[in-house]
Amino acid sequence: MKVGFIGTGSMGGLLIDTFLRSGALDPCDVLASNRSPGKLMELKKLHPGITVCSGNIEAASESDIVFLCVKPLQFKMLSDEIAPYLRSEQIVVSITSPVQLYHLESVLPSKIAKIIPSITHSVRSGTSLCIFGSRLNKKDRLVLLRLFSCIGVPAEIPESHTRIASDFSSCGPAFLSYFLERWIEAAVEATGIDEALVSRLAGEMLLGTGKLLTEGSFTPQGLQERVAVRGGITAEALNHLRTSLEGVFERLITTTHDKYDEDVEKLDELFGRSSIVQSPLDR
């Protein structure tokens, strides 16, 4: 099975690297194209044996599965370029959340899927969000699920939940890292504790907390109740957090959804589809 990657930047490069390191793909299975030849040569040095393509058309036409790893507003130009060279039996996968299935199904002859990866796949963890188009059959879905199960936990979701699910699986590592960054900075300033030490403590704590929530039968609320003894230090600090963070998460969700809806509207214009985008928050 030949797997092509059009775009080898941050996430495209991560997927290639992780699929190869996990053994999900062999270098001879991988084709890659990028508008920057320098990036392709760097990738070739890291992974001898992969095929560096002369352009997007070669990567698309020679692959069984084609991953489109470009920015949302580049999708229309890219789809126009590769559409004449694609076949109905091929699977085209977008890894970009605002690009809708109907955008690609309206212009490409192939089977369409949208799979939103996470940076956590680089350590073979985290969830990949899988949204399958109407042309994929059961075998096609199984191929994609097996591929992504090698680098994390694939989860099939409805397309209407793409944005909110991505807030957790894809954006979540950045949000939690920011929280930890500010907490660590405050700890160092207030107590003089070694930053490297407290950063390691924070990382191990986050790893253990994730295992408790996924393997230990805890809910977030149940975990709080277990740790925070009434009248104790943790309970006192939790009360402070509840007051200080009032409304923060609601505004966070509104911000990500507003940006998502803006991008979908722009894509509708590019793909020639006139529609009124309704936010999932209003549904």
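## Overall picture

Two strands count as paired if DSSP finds at least two bridges between them, and helices (H or I, at least four residues) and strands (E, at least two) are DSSP runs, numbered from the N terminus. With that in hand, Phe5 stands opposite Phe67 in E4, and this spot is a good way into the fold.

Please keep in mind that this is a predicted model, where local features need pLDDT of at least 70, side-chain atom pairs count only at pLDDT 80 or more, and totals for chains, interfaces and linings use all residues. Residues are numbered from 1 along each chain as its sequence is written, and side-chain values use heavy atoms, with hydrogens and water left out.

The protein has 12 helices and 8 strands. Its C-alpha atoms fill a box of roughly 65 × 45 × 35 Å, taken along the principal axes. Of the 283 residues, 40% are buried, where buried means under 20% relative accessible area, exposed over 50%, and partly exposed in between (1.4 Å probe, protein chains only). Contact means heavy atoms within 4.5 Å; among the contacts with a separation of 6 or more, 62% come from residues 24 or more positions apart.

## The sheet

The 8 strands form an open sheet with mixed pairing, in the order E3-E2-E1-E4-E5-E6-E7-E8. Its edge strands are E3 (51-52) and E8 (153-156), each of which pairs on one side only.

Let us walk through part of that order. Strand E1 (residues 3-6) runs parallel to strand E2 (residues 30-33), and 4 bridges join them; here Phe5 stands opposite Ala32. E1 is also joined by 4 bridges to E4, again in parallel. E4 in turn runs parallel to strand E5 (residues 91-94), with 4 bridges between them, and Ile65 stands opposite Ile91. E5 then pairs with strand E6 (residues 111-116) in the parallel sense over 4 bridges, with Val92 opposite Ile112.

In a regular strand the side chains alternate between the two faces of the sheet. In E1, Val3 and Phe5 point one way, Gly4 and Ile6 point the other way, and all are buried. In strand E4 (residues 65-68), Ile65 and Phe67 point one way, Val66 and Leu68 the other, and all of these are buried as well.

## Aromatic pairs

A pair of aromatic rings is described by the distance of the centres and the angle of the planes. Rings of Phe, Tyr and Trp (its six-membered ring) pair if their centres lie within 6.5 Å; planes under 30 degrees apart count as stacked, over 60 as edge-to-face and the rest as tilted. Searching the whole structure gives 6 aromatic pairs. In one of them, Phe19 and Phe148 meet edge-to-face, at 5.3 Å centre to centre and 80° between the planes. This pair links distant parts of the chain, with Phe19 in helix H1 (residues 10-22) and Phe148 in helix H6 (residues 138-149), 129 residues apart. Phe19 counts as buried because its relative accessibility is 0%, and Phe148 is buried at 0% too.

The rings of Phe179 and Trp183 also pair edge-to-face, because their centres are 5.9 Å apart and their planes lie at 70°. These two are 4 residues apart in helix H8 (residues 172-191), so about one helical turn separates them. Phe179 is partly exposed, with a relative accessible area of 41%. Back at the sheet, ring pairs link Phe5, Phe19, Phe67 and Phe148 into a cluster.

## Helix H7 and its surroundings

Two packed helices are described by the angle between their axes and the distance between the axes. Axes are lines fitted to C-alpha atoms, for helices over the stretch in contact, and angles run from 0 to 180 degrees between N-to-C directions. The axes of helix H7 (residues 162-169) and H8 come within 5 Å and cross at roughly 45°. H7 is therefore oblique to H8; angles under 35 degrees count as roughly parallel, over 145 as roughly antiparallel, 65 to 115 as roughly perpendicular and the rest as oblique. Ser166, Asp167, Phe168 and Ser169 in H7 meet Gly172, Pro173 and Phe175 in H8.

H7 also packs on the sheet, where it touches E6 and strand E7 (127-132), and its direction makes about 165° with that of E7. Ala165 sits in H7 and counts as buried at 18% relative accessibility. Beyond its neighbours within four places in sequence, Ala165 is in contact with Leu129 and Ile157.
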